[in-house]
Amino acid sequence: MKTSENIKENTKYLSEMKVGESAVIVQCCDLGRNIEKRLCDIGFTSGETVKCTNASMLGDPLAYLIRGSVIALRKADGKCVTVTAVPDEDAEALTEISAAESKIRGGVRSDAR
């Protein structure tokens with residue numbers, strides 16, 4: 001069972017993820033910039049599973065698999081999203097569930113207006 005200390009220990013920014021690593025989004029910060037709204041619109045919402053799939057040759061931007069789509073983000077934009085690392089054995093199942101839910105919703109957020 002995870003304790004709050006373990007969760008805090010595994011919490012980091014999206015931009016700090018390594019290629020192949022999976023995480024669950026904890027929060028998308030709200031600094032009043034357009035990027036936060038855009039990230040939420042494309043699926044970077046609390047509870048979603050995200051996997052870092054690729055990095056450019058210089059390490060910026062990084063590509064993330066979320067809701068069945070691959071999205072490239074600059075590291076500066078990735079600092080708007082806080083994630084908690086997911087153990088490797090759980091990551092694949094969570095990614096498949098997230099992709100299946102996205103297909104059921106037709107790729108549209110359930111809380112979209």
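Reader: How many disulfides does the structure hold?

Author: Zero. A disulfide here is a pair of cysteine sulfur atoms within 2.5 Å, so no cysteine pair in this structure meets that cut-off. By the way, this is a predicted model, where local features need pLDDT of at least 70, side-chain atom pairs count only at pLDDT 80 or more, and totals for chains, interfaces and linings use all residues. Residues are numbered from 1 along each chain as its sequence is written, and side-chain values use heavy atoms, with hydrogens and water left out.

Reader: Why does Cys52 count as buried?

Author: Buried means under 20% relative accessible area (exposed is over 50%, partly exposed in between, with a 1.4 Å probe and protein chains only). Cys52 has 0% relative accessibility, so it counts as buried. Cys80, with a relative accessible area of 3%, is buried too.

Reader: What makes strand 1 and strand 5 the edge strands?

Author: Each of them pairs on one side only. Strands are DSSP runs (E, at least two residues) numbered from the N terminus, and two strands pair if DSSP finds at least two bridges between them. The six strands form an open antiparallel sheet in the order 1-6-2-3-4-5, with strand 1 at 11-13 and strand 5 at 69-73 as its edges.

Reader: How do you know that strand 1 and strand 6 pair?

Author: They share three bridges in the antiparallel sense; the definition asks for at least two, so they pair. In one of the contacts, Lys12 stands opposite Val83 of strand 6. Strand 6 (residues 81-85) is also joined to strand 2 (residues 22-28) by five bridges, with Val81 as the bridge partner of Cys28.

Reader: What makes strand 6 largely enclosed?

Author: Five of its five residues are buried, so the rest of the structure largely encloses strand 6. Both faces are covered: Val81, Val83 and Ala85 lie on one side, Thr82 and Thr84 on the other.

Reader: And why is strand 4 called largely enclosed?

Author: Four of the five residues of strand 4 are buried, so the rest of the structure largely encloses it. Strand 4 (residues 62-66) pairs with strand 5 over five bridges, and five bridges also join it to strand 3 (residues 49-55). Ala63 shows both pairings: its bridge partner in strand 5 is Ala72, and Ala63 is also the bridge partner of Asn54.

Reader: Which residues in these hairpins have a positive phi?

Author: Gly59 has one of about 90°, in the turn of the hairpin of strand 3 and strand 4, which has six residues between the strands. In the hairpin of strand 4 and strand 5, with two residues between the strands, Arg67 takes a positive phi near 55°.
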